Amino acid sequence: MKKKTAVIGAFTPDAILKRKIRAHLRKLGFRKSTDGALLPPSSSKESVRALHFEQRKAGLKAQRKFMQRAFPELQHHFAKGSEIDPEKVEPVLELIDAHTWQSDLFRLASLSWSVPVSAGFGRRLRYLVWDKSNNKLMGIIALGDPVFNLRARDDLIGWSVNDRGKRLVNLLDAYVLGAVPPYNMILGGKLVSCLVRSREVRDDFARRYGKTRGVISGKKKGAKLVIVTTSSSLGRSSVYNRLKLHNENYFTSIGYTQGWGHFHVPNTLFAELRAYLRKRKHKYVDGHRFGQGPNWRFRTIIPNLIDQNP
């Protein structure tokens, strides 16, 4: 008696979802190796930007109403090339609060980034960088809580797991850092990056977080900003390379991260994947909080170049 051949339905939810995923990956340029592994199109910066394209397009679409409202009101803060004199550029930091026009300006400026900008998490310091010579916006800075596990950083410092748990409170990560056009064309990104090490940032951190208590421990941490790290989604960045002021190094390359992420999956497709897992009653479908297992909401970009600001 012949065995019955397994038949997979062409229009089942599983098959439809698989086709959507395969079509999207092919559109991005992914291909299969001889052993069936999924390979990205290349590791070039243009390739990484292309991988982010669909996510960025979806983000801009979601922000359309905000841009239509905010841009006419705030566009005068962005400089024209004729309004900049490189010899007179004088950067000034402005710490901003949520729900202000400055917060809207930060949000608007971040939409010009070629890679979608994260909202950050935990403790946060956000800055507008102004050019005092013409009162125009030069760039933006956002500092937030660092990730807990980061081998390149932890190996450099040389601390144990116990040390990290106690001292990570003294670190921040620059998850947004750069100049807006046209300042990004005259090395403005390098100047903005140097401001992370300024006394103003250290003092703002001390005022806002120096006396706070740990959420879990309930104890005062006495936090003092000692190190700021940043990562580049496009590999080694020229913005941080050879970054010096008066022969002092401002950032030092400390290595590459390893990890996984879903940044190349648009939100609509990701929602369908979650719906499928929910139907299958998968335990991780809503498990993105501390202690609930892998956090699918944390997007890790590969490769990331980690820089240290001592």
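What follows is a short exchange about a predicted model and the terms used for its parts.

Visitor: What does the protein chain contain in secondary structure?

Guide: The chain comes to 9 helices and 11 strands. Buried residues make up 38% of its 310 residues.

Visitor: Why is Gln102 called buried?

Guide: Buried means under 20% relative accessible area. Gln102 has 15%, so Gln102 counts as buried.

Visitor: Where does Gln102 lie, and what is it in contact with beyond its neighbours within four places in sequence?

Guide: Gln102 lies in helix α4, residues 101-110. Leaving those neighbours aside, Gln102 is in contact with Glu94, Ile96 and Leu128.

Visitor: Why is Phe53 called partly exposed?

Guide: Buried is under 20%, exposed is over 50%, and partly exposed is in between. Phe53 has a relative accessibility of 47%, so Phe53 is partly exposed. Phe53 belongs to helix α2, residues 45-62. Its C-alpha atom is separated by 7.9 Å from that of Val115, which is 62 residues apart from Phe53 along the chain.

Visitor: What makes α4 mostly covered?

Guide: In α4, 7 of its 10 residues are buried. They are Gln102, Ser103, Leu105, Phe106, Leu108, Ala109 and Ser110.

Visitor: What do the buried residues of α4 pack against?

Guide: They pack against α3 and four strands: β3 (91-95), β4 (124-131), β5 (136-144) and β6 (171-179).

Visitor: How do you know that α3 is roughly perpendicular to α4?

Guide: The axes of α3 (residues 64-74) and α4 come within 10 Å and cross at roughly 110°. Angles of 65 to 115 degrees count as roughly perpendicular, so α3 and α4 fit that term. The crossing is left-handed.

Visitor: Which residues make the contact of α3 with α4?

Guide: From α3 come Phe66, Met67, Arg69, Phe71 and Leu74. From α4 come Trp101, Asp104, Leu105, Arg107 and Leu108. Leu105 and Leu108 are also among the buried residues of α4.

Visitor: How do the residues of that contact divide into nonpolar, polar and charged?

Guide: There are 7 nonpolar, no polar and 3 charged. Asp and Arg count as charged, and the contact includes Arg69, Asp104 and Arg107.

Visitor: How much of the contacts with a separation of 6 or more comes from residues 24 or more positions apart?

Guide: In the protein chain, such residues account for 71% of those contacts.

Visitor: What area does the chain expose, and what share do carbon and sulfur atoms supply?

Guide: The chain exposes about 19500 Å². Carbon and sulfur atoms supply 54% of it.

How values were computed
Residues numbered from 1 in each chain as written. Predicted model: local features only at pLDDT ≥ 70, side-chain atom pairs only at ≥ 80, totals over all residues. Heavy atoms only, no water. Helix = DSSP H or I, 4+ residues; strand = E, 2+ residues; numbered from the N terminus. Buried < 20%, exposed > 50% of the residue type's maximum accessible area, 1.4 Å probe, protein only. Contact = heavy atoms within 4.5 Å. Axes fitted to C-alpha atoms, helices over the stretch in contact; angles between N-to-C directions. Parallel < 35°, antiparallel > 145°, perpendicular 65-115°, else oblique. Left-handed = near helix turned anticlockwise from the far one by under 90°. Areas by Shrake-Rupley, 256 points an atom, 1.4 Å probe, with all protein chains shown as cover.
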